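Trainee: Could you take me slowly through one part of this model, namely its charged side-chain pairs, and then place them in their surroundings?

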Amino acid sequence: MFIGIDVGGTYTDAVLTDGEKIIGKTKFLTRHDNLLLSLLGALDAVIAGQDITQIRRVVLSTTLITNIIAEKKYPPVALVLAPGPGLNPAEYRFGTLTKVVAGAVDYRGREIAPVNSTDIIEAGRDIKSKKYDRAAVVGKFSSRNNSQEILIKDILAQETPDLTVEMGHRVSGQLNYPRRIATTMLTAATKEVFAEFVRSVQDSLRSRNITAPAFILKADGGTIPLESALHMPVETIFSGPAASTLGAMSLSPKGQDSVVVDIGGTTTDLALILSGEPLLASKGAKVEEYLTHVKSFAVKSVPLGGDSLVSFQGGQIEILPERSGPPYCMGGEGPTPTDALRYLDKVDVGDKTKAAEVMNRVAEETGSTPDQIAKSIVEKACLIIVNAIEQMFKEWEEEPAYRVWQIVRKVKIRPDNIVGVGGAANGLIPEAARLLGCKAIIPEHAEVANALGAAVAQPTVTVNLRIDTEQGYYTVVEDGSIGEVPKGRSFTEEQAIELARDKLYEVAEKLQVKEYVKTVEVVHSEVFNMVRGWSTTGKIFDISIQTPRDILCYLGEGESGDE
Amino acid sequence: MNKSDKTGLIFFPAFDWAISPTHPEREERLLYTRDQIFEEGLMDLPQIREYKPRLAEYKDIARTHFCVPGIKEQVTEAHLIAAGAALVMADALMAGDIRNGFALVRPPGHHAMKVVHGNRGFCNINNEAIMVDYLRKKYGLKKIAIIDSDVHHGDGTQDIFYHDRDVLFISFHQGGRTLFPGTGATSETGGPTAYGRTLNIPLPLGTTDEGLHFIVDRLILPILDEFKPDLIINSAGQDNHFSDPLANMSMTAQGYARFNEKLRPDIAVLEGGYAIETALPYVNTGIILAMAGLDYSHVVEPDYAPGMFSLSAVKKAEITEVVEKLWDIWKHRNDNNFEALKAKQDFWQRQKFVFYDTDGIKEHQTERLRLCRDCGGYLSIVSQAMHQTGNINNILGLSIPFQGCRVCREEAYAEYERAVKRSTFDFIYLQDRAEDLYKVHSREKGTEWEEE
């Protein structure tokens, strides 16, 4: 049995599945003052009366870190930056004490300016004197050569031993210095509170005699053991949209192109599944005001929901991007899409007579019939969804690309299915699907899609390897590790891919997910001949490999309709 | 021009395209530039908006060039994307979505002339020229200034606009005695109807930032003030850099960035620059920051030290002399002897020899320009290209200006029909830019088609 729990912004849901069907599910309002309590409440509800020994895995998805960052409930982190040449460091504004120190490495990891220890000692003392207990040390191109970051950390450790220091190359090896600074800062800020949460969860599981491994869901839809997540708490932000997408995916046909449309009270979230794989955003997530390196699903939010206010100005129906309370049929003030759907018997919430009342009122004001009004509202809402879907595909097609084949290839994919999740899905998705010429899927159990998504999510491992044979070293983007390769031009692409594969297994082992790595796919492999003075002196390889992004199981028959 | 505060950027390094594995125009060329601008996080800056390039259409190329035998034989997809990137920047600018833009793309184009028999100076088609003609056709722009800041003379761009009085072409470069393509003397000043609209600034070896800014302040900016172009284009080569392996100048990233800050180009398009590690990452970062109005003072090459380069008094005097000479040409640009010339002959004619260094092609051209008061005249080019294989191509290209008058159009069409009948050319091209219609006739196939 597999357990998935999602502690979301509004609801907490949990699901128990045997890999073929859903055995138990629960859903209740999240207690914001105590997320752990919400989590355990959901857990206890689904395991009640079950054989604990049959549980093989528990996966959690939580807004803990998202909330901490949003509410700024984290300790201050000072920055120690070694930017070297480029943008004026005054542009690095992260709203915290920032020390710019000497030292620089270039794009190939060569040291171009040494660090200066008195500089660093002074910075450390000043940081301490200003009551900071944590610092993030980040150098430009530190993923190509981490020695300066390590040296700076060592000097700080010696001079200011009670300063906790996080290093940029350990957090992300991807290019983009400002994002690495932000991600390192947020990691340093949330590590302790996250560790505390993990400890409580582990204690709670133990006290319930649950010995199955516990995982946490990341924003990119992959899971990692709680223990391994300790050094990357920021990656657990935005796991909600990932959970809902994976849940909807497991309830729809395998391997197809689908749009997951999650219609909430005030917003509708869209996510894409292309050839059976969820689409990741091309850039890291934006966490509050910070652009980060955290990989997440490409999610588009539209201000449309069951509670959106509908206005009738000059006979024109408009769905406003705002909410003024619950729908009329549930005791609110104005007409909403939910009222229209209730009137047309497409949803089963609220009071139908109230819905009829408000439709009649509008019909009188506009000289129309209530039936017509309700249908126009539904039509309008569908159009908003359809336009947003079209827009999302267009944005995906217009993502910058850096290779000839990517520009030449004519991509114009339109979905096979629209998978509707959320209260108003039943009333809106069939019509939206008709307009797009694809199939509507309103899966059963959609109300616990998030928890189901957590339950079916799998560990994923990615390795981006960069090899520079002229200098004879490689770097692994994911963990910032650096090692040697033979110098010169003899190293082949096959050897490079083999090395990447070895590194992937090493990373998997470190994350304690090695047993999940069955097959490995090469996402891309590029070789650049380095020519100096008309002869080839080395090669640069850029290799990206990963485990296939699949889920544990598909529970849906993929049939449209509800039941 | 518009209210946007964004700088558009297309970065297209063509990581899967090379002339040959060890050629300077190879996959690796913009690799370190990629690393630098991505690590800097420039694409995330609120002042910058990144765009995806598109493929230019054949018609966009036919509007500017006579590609022999046809466009598909001269361009790869990479060329279409580099040219298309410039067009995307042009459209974004005209739509008011950006206030300026930089197409940081390869392959380059400024050595590609009007007639294209092959690759010369690493170029097949001219990205800036295609963009300028597109802007004029699609948006009706008239006056455009192109400043070529590549160390090599922009002979292709010069050739394309030599008789075009609405396009001001200024190139500064290492003097032709010591560098490919050998042209670009101050005496090349534009054809009889466009005198003074081509200005060449040959610079002495080792010219520094000081020398560059002397010509910018004393010549380029004052001339632009008087010309009042609708748009300024920077044909942005980066090989005047002190570390460039193919040239011998002494400019720096700071010099290039300040140049762009002063010039304020509406669109910059990357040209040459082959110091792929020591110059390009820094020069490109500097140009992007300068165009976006950001502080570029920290963009300093690691192997640069203040005071490394100085301009000798002799060289300074040499540059001053060039500036004075060109200023004189510019001042007298409108008192040419067009009427006297016109009284004697209907057509002005010159012979040209063009060498294609990359492909080893030798081309002989006879260029005839109808001396027309109304539209500047249609152009007729007879070209014979001898390929290394011994293959010879004879072609006739006829080009009607955008504002082509009735007489010039009729005469060009008549010349086209006569040539088709006479059957002496392998290919005949008619570029009717007034009607945006581009015809090709093949003798061998006996057919005619339009480029679309």
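Mentor: A salt bridge, as the term is used here, is a side-chain nitrogen of Lys or Arg that lies within 4 Å of a carboxyl oxygen of Asp or Glu. Please keep in mind throughout that this is a predicted model, and that every distance and area below was computed from its coordinates.

A good pair to begin with is the one between A:R403 and A:E526, whose closest N and O atoms are 2.2 Å apart. A:R403 sits in the loop between α11 and α12 (404–408) of chain A, while A:E526 belongs to strand β26 (residues 521–532) of chain A, so the bridge ties together parts that are 123 residues apart in sequence. Both A:R403 and A:E526 are buried.

A little before that loop, helix α11 (residues 370–397) of chain A contains A:Q391, which counts as partly exposed because its relative accessible area is 35%. The C-alpha atom of A:Q391 is separated by 9.5 Å from that of A:K300, although 91 residues along the chain lie between the two positions.

Chain B offers a pair with another setting, in which B:K316 bridges to B:E210 with 3.5 Å between the closest N and O atoms. Here too distant parts of the chain are linked, since B:K316 is in helix α10 (residues 313–331) of chain B and B:E210 is in helix α7 (residues 209–227) of chain B, 106 residues apart. B:K316 is partly exposed, with a relative accessible area of 29%, and B:E210 is likewise partly exposed, with a relative accessible area of 43%.

Taken over all chains, the count comes to 72 salt bridges. One of them joins the side chains of A:R180 and B:E39, with 2.3 Å from N to O, and this pair crosses between chains, from helix α6 (residues 177–207) of chain A to helix α1 (residues 31–40) of chain B. A:R180 is classed as buried because its relative accessible area is 0%, and B:E39 is classed as buried because its relative accessible area is also 0%.

That crossing pair leads naturally to the contact between the chains, where the count between chain B and chain A is 10 salt bridges. A:R110 and B:E277 form a salt bridge as well, their closest N and O atoms being 2.7 Å apart, and these two residues belong to a network of salt bridges that also takes in A:D106, A:R108, A:D468, A:E470, A:R532, B:R26 and B:E28. Between chain B and chain A there are, in addition, 25 residue pairs in polar contact, counted where both residues have pLDDT 80 or more. On the side of chain B that touches chain A, at least two residues each come from β1 (7–12), α1, α4 (77–94) and α9 (280–291) of chain B. Of the elements on that side, α1(B) gives the most, with 8 residues.

The extent of this contact can be stated in two ways. In terms of residues, 45 of chain B are in contact with 50 of chain A. In terms of area, about 3,900 Å² is buried between chain B and chain A, and carbon and sulfur atoms give 57% of that.

Away from the charged pairs, helix α8 (residues 253–263) of chain B is also worth following, with B:A253, B:G255, B:Y256, B:A257, B:F259, B:N260 and B:L263 buried. The elements of chain B that cover the buried residues of α8(B) include β6, β7, α7, β9 (231–236) and α9. At the N-terminal end of α8(B), B:T252 acts as a cap, with a side-chain oxygen 3.3 Å from the backbone nitrogen of B:Q254, and after the helix comes B:R264, whose phi is positive, near 50 degrees.

One of those covering elements, strand β7 (residues 167–174) of chain B, is mostly covered itself, with 8 of its 8 residues buried. Strand β6 (residues 144–148) of chain B runs parallel to β7(B) and is joined to it by 5 bridges, and within this pairing B:I144 has B:V167 as its bridge partner. Between β6(B) and β7(B) the chain passes through helix α6 (residues 155–160) of chain B, giving a β-α-β crossover that is right-handed. Strand β8 (residues 198–203) of chain B also runs parallel to β7(B), through 6 bridges, and B:F169 stands opposite B:T198 in β8(B).

Technical notes: Residues are numbered from 1 along each chain as its sequence is written. Chains are lettered from A and ligands numbered from 1 in the order in which they are written. This is a predicted model: local features need pLDDT of at least 70, side-chain atom pairs count only at pLDDT 80 or more; totals for chains, interfaces and linings use all residues. Side-chain values use heavy atoms; hydrogens and water are left out. Helices (H or I, at least four residues) and strands (E, at least two) are DSSP runs, numbered from the N terminus. Buried means under 20% relative accessible area, exposed over 50%, partly exposed in between (1.4 Å probe, protein chains only). Two strands pair if DSSP finds at least two bridges between them. A crossover is right-handed if, with the strands pointing away from the viewer, the path from the first strand over the helix to the second runs clockwise. Contact means heavy atoms within 4.5 Å. Buried area is the accessible area (1.4 Å probe) that two parts lose on being put together, summed over both. A polar contact is a pair of N or O atoms within 3.5 Å; within protein, one must be able to donate a hydrogen and the other to accept it, and residues adjacent in sequence count only if both atoms are side-chain atoms.
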